[in-house]
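Reader: Hey, can we go through how some helices pack here? Start with the handedness convention, please.

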Amino acid sequence: MNERAKEAVRADPVIDRSSGITAAGRLVVLAFGLVGLAIGFALIERQRAEPLVLGLLAVLAVIGVAGLFAAAIGLIRFASRGQRFDITRNFLDTKKDGVVITDSANRILYANRAYADLIGVSEARDVRAVDRVFADQSAAAEAIHRISKGLRDGVAGEEEVRMPGPLSGAGETGMDAHWYRIEARPLAPGGASKSLVAWTVADISGERARQETVFQELQHAIDYLDHAPVGFFSAEPDGRIVYVNATLAEWLGMDIARFEAGSLTLADMVRGDSIALLNGVLSEPGRSRTDIIDLDLVKRDGRSLPVRLLHRVPVTADGAPGATRTIVLNRSPGEETSEASEALRASEVRFARFFNSAPIAIAAIGRDGFIGRRNAEFIKLFGVGVDDGAGKKRKLVDLVAESDRETIAAALESVTRGSTEIPPIDVSLTGDGERGARFYINPVADGGDDEEAVVVNAIDITQQRVLEQQFAQSQKMETVGKLAGGIAHDFNNVLTAIIGFSDLLLANHRPSDPSFQDIMNIKQNANRAAGLVRQLLAFSRRQTLRPQVLQLSDLLSDITILLTRLLGENVKLEVVHGRDVWPIKADLNQLEQVIINLAVNGRDAMPAGGTMTIRTSNLPAAEVSRFSYRPLPAADYVLLEVEDTGTGMAQEVQERIFEPFFSTKEVGKGTGLGLSTVYGIVKQTGAHIFLDSEVGKGTTFRVFIPRYVPAEGEIAPAAAAAQPEIADLTGTANILLVEDEEAVRAFAARALTSRGYQVYEASSGIEALDVMEEAGGKIDLVVSDVVMPELDGPSLLRELRKTRPELKIIFVSGYAEEAFRKNLPEGESFRFLPKPFSLKELAIAVKETLGR
């Protein structure tokens, strides 16, 4: 193409059919208007036409004026649009990349000069569409096909294709390959019924050449790095190793040809807890300095490789840590030739191994309080807080809770002034306040320098604190339980006398007597007091339980109606039964009491109404860990949950919620024994109870009841069948009554005598043996207290069995049966009657034991 042709091509678009039809139409309208207007005025002026003709000519003149006016407006609009189009066309003409606009039939509407130059044409008739230009090469044709397929769906496309030579000389031999980037984007101009497509074709051969040059240089750099005399690796922030050079691979016994990026992690390559030294650096945001770290790597054969790392973590544009750049220096024997340097190296390696494998946290602290060198355990204990976000060192006081900082600062100052007697300091760590540490602060023996003037050893005491709190709580509950149990025992003796003598008085008074109702009130209040005492015994775990195999879902179904009535109309009860819930072994009545007490407690926490949800489910041992409660051993449990939507409880209330007589209710509206009773029953059953509560949202109690699994050949104990009531409670047997409490003994003796029995009394076990000897074998039954001075009930039984092995005995006590059964010979048979008991209960027990 000659210079004049090139200049012509640069001056105007090769093809521009975008607005010719519109312009021609507007010119026709304009011409028609002018002609019509001229003819009309000429004929009217000569006045040769008839009136009808004149009318027609007038209409023609009006049409001519209207056409002229429309044409004028159209020309103005066209001029404005043409101006905008000229700007767009001029912009496209100045682009270095070839641009082609095609319609839906792939006809070219516009092509700029750069496109003509690119494909090597000078005449408009020679310009071809993009798909035809690249049709000669199969790879390029496939790329065009993919773009065209996307365009049919209205999706823009981009491909890079390789041609054997420039498009202007495609097919010529001996030419270098060229790369082209092809882009296509659908256009939807206003009023267009079908989309147009804008194609852009750019020659990127130079860009590709630069990329290949950079790649080759990178290959040379990698080859150089692979054979460098030092090891090198790079790891992502999550610990995945993405590059290892050949030198390091050889040291570790790895096959570099089989290494794949991400197939190894730092944990695979670093021995023991030393991984914390690298993880701490990887996790610290904003870091950009080099750390020197001495540690051991792990060879493929399991042996250690002592190394020194020059470890750097670059920072990305958003401030996040990037992939590490880590140089590895081999510190194995023989790597340094000097005898002195070899001894120094060996000493440094031994120290690094001791330092980083120590089970306690160790750090050097400067005179200014800043943290210097620290071992792996120190980083594990204090996390990534050793450095701040800007990569600056932190002070030791920054790692502890604000309430303990003054103590630590004073201790550091004292040590730097020469003090050597600093006692251990227990502190809370920053964060949630639950973690704690014990600091041992000592000066450096040789005086050290400003950066390492103090050595701090720290141990994690978080678990110790938890255990101490649990032990203290357990001791407190145990102490309160013993106190409650002792009080309950003494009260039971008093209540037995009150209830018993009330029965004797009632037996001698008719209901019509004035004193009868007073005596009934005395007995009723005594029974009420007996109920409170039973709750104290439940809390102290000294009540008698009658365990049996139960299905918790069946128990809940049986008491649902009772619970609905107890909760009232304002509280909605939802019972959710788990599927195939395991059996448990517990006292039916006591477990019912647990559920009722928890439900009533939840009801009282919802004065304005709410929802009470009771759920049962199986909890396998493997899933126990999802609960953070302590202590909760891993075992199979049946989980009972009682959840309310009430007011919730503050933390200080939760800590005391199971204590007897502790209540948040108003005076007179609760005894404070409901939840303490629950606690005692649950613990005596061998279960566990915990709660979660949030003020304003509600409370959830969770009872973990051990799953019952019968031993091989074991017959599960079932509920005892109800015995028919005995009508005749009189008898003629000889009974020895042994009781150290005089009031109880007097009541029981009168009660039995009134039923026809011959009663022998004794106030102690020693006296009972004397009475037995004096009676000469006439005694048929012994009714004995358990706790007595000199000789208690179980000891008395053992003495009596020596001469009367068949003698029947009834033990009465304010404590639970299990409290003394362990002191009896295995298989010993006896009847147990808990205090307080009434006259009728005593008579029934004696009648059933004698069997006559």
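Author: Sure: a crossing is left-handed if the near helix is turned anticlockwise from the far one by less than a right angle, and right-handed if clockwise. Helices (H or I, at least four residues) and strands (E, at least two) are DSSP runs, numbered from the N terminus. This is a predicted model, where local features need pLDDT of at least 70, side-chain atom pairs count only at pLDDT 80 or more, and totals for chains, interfaces and linings use all residues. Residues are numbered from 1 along each chain as its sequence is written, and side-chain values use heavy atoms, with hydrogens and water left out.

Reader: Ok, so which way does α21 pass α22, left-handed or right-handed?

Author: Right-handed.

Reader: And which residues in α21 and α22 meet?

Author: From α21, Gly765, Ala768, Leu769 and Met772 meet Leu796, Glu799 and Leu800 of α22, where contact means heavy atoms within 4.5 Å.

Reader: Switching over, what's the angle between α17 and α19?

Author: About 145°, with the axes 9 Å apart; axes are lines fitted to C-alpha atoms, for helices over the stretch in contact, and angles run from 0 to 180 degrees between N-to-C directions. The α17/α19 crossing is left-handed.

Reader: Which residues does α17 bring to α19?

Author: Gln590, Gln593, Val594, Asn597, Leu598 and Asn601, and among their partners in α19 are Leu675 and Ile681.

Reader: Zooming out, how many helices and strands does the protein have?

Author: There are 24 helices and 29 strands.

Reader: And what share of contacts is long-range in sequence, say 24 or more positions apart?

Author: Such pairs make up 60% of the protein's contacts with a separation of 6 or more.
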